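Opening the notebook on a new chain today. I'll jot down what I look up as I go.

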Amino acid sequence: MAEQDTSIKTTKEVRDRLRILANERGATMSELLTELVTRELTEEEKELRVQQALEEVREETGVTVSDDARARARSFLKGLGQGHHAA
């Protein structure tokens, strides 16, 4: 069974920009949207990748990363994203 098209409400400005970007890539707006949304990960997908990476670290090194270490790393990285520097 083929996928059905649907509509998405947005502003004219967003629609026009989407059209320009799609044209520049030689794609349809639908193809560009598909590319954009498949590039981004959901929170569930991000967590799955984290778990896979931690398992790989454990298998390769024997080191198990604690929840506390993960939280501190997450906080550090968030601070970097906000332009804060570690003291």
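In what order do the elements of the chain run from the N terminus on? I read off α-α-α-α. My count is 4 helices and 0 strands. Note to self: this is a predicted model.

Overall shape next. I looked up the radius of gyration and got 20 Å for the chain, whereas a compact globule of 87 residues would come out near 12 Å. Along the principal axes, I have the C-alpha trace spanning about 50 × 40 × 25 Å.

Then burial and surface. Of the 87 residues, 6% are buried. I get about 8200 Å² exposed by the chain, with carbon and sulfur atoms supplying 53% of that area.

Charges: I have 18 negative side chains and 14 positive ones. The centres of these two sets sit 8 Å apart.

On to helix α3, residues 43–61. I checked its length: at 1.5 Å a residue, 19 residues should span 27 Å, and the end C-alpha atoms are indeed 27 Å apart, so the two agree. Right after α3 I find Gly 62, with a positive phi near 80 degrees.

Last stop, Arg 70, which I located in helix α4 (residues 67–81). Is Arg 70 buried or exposed? Its relative accessibility is 16%, and the cut-off for buried is under 20%, so I put Arg 70 down as buried. What does Arg 70 touch, leaving out residues up to four places away in sequence? I list Glu 47, Val 50, Gln 51, Leu 54 and Val 65.

Conventions: Residues numbered from 1 in each chain as written. Predicted model: local features only at pLDDT ≥ 70, side-chain atom pairs only at ≥ 80, totals over all residues. Heavy atoms only, no water. Helix = DSSP H or I, 4+ residues; strand = E, 2+ residues; numbered from the N terminus. Expected span 1.5 Å × (residues − 1). Buried < 20%, exposed > 50% of the residue type's maximum accessible area, 1.4 Å probe, protein only. Contact = heavy atoms within 4.5 Å. Rg over C-alpha atoms; globule rule 2.2 N^0.38 Å. Areas by Shrake-Rupley, 256 points an atom, 1.4 Å probe, with all protein chains shown as cover. Lys, Arg positive; Asp, Glu negative; His and termini not counted. Charge placed at Lys NZ, Arg CZ, Asp CG, Glu CD.
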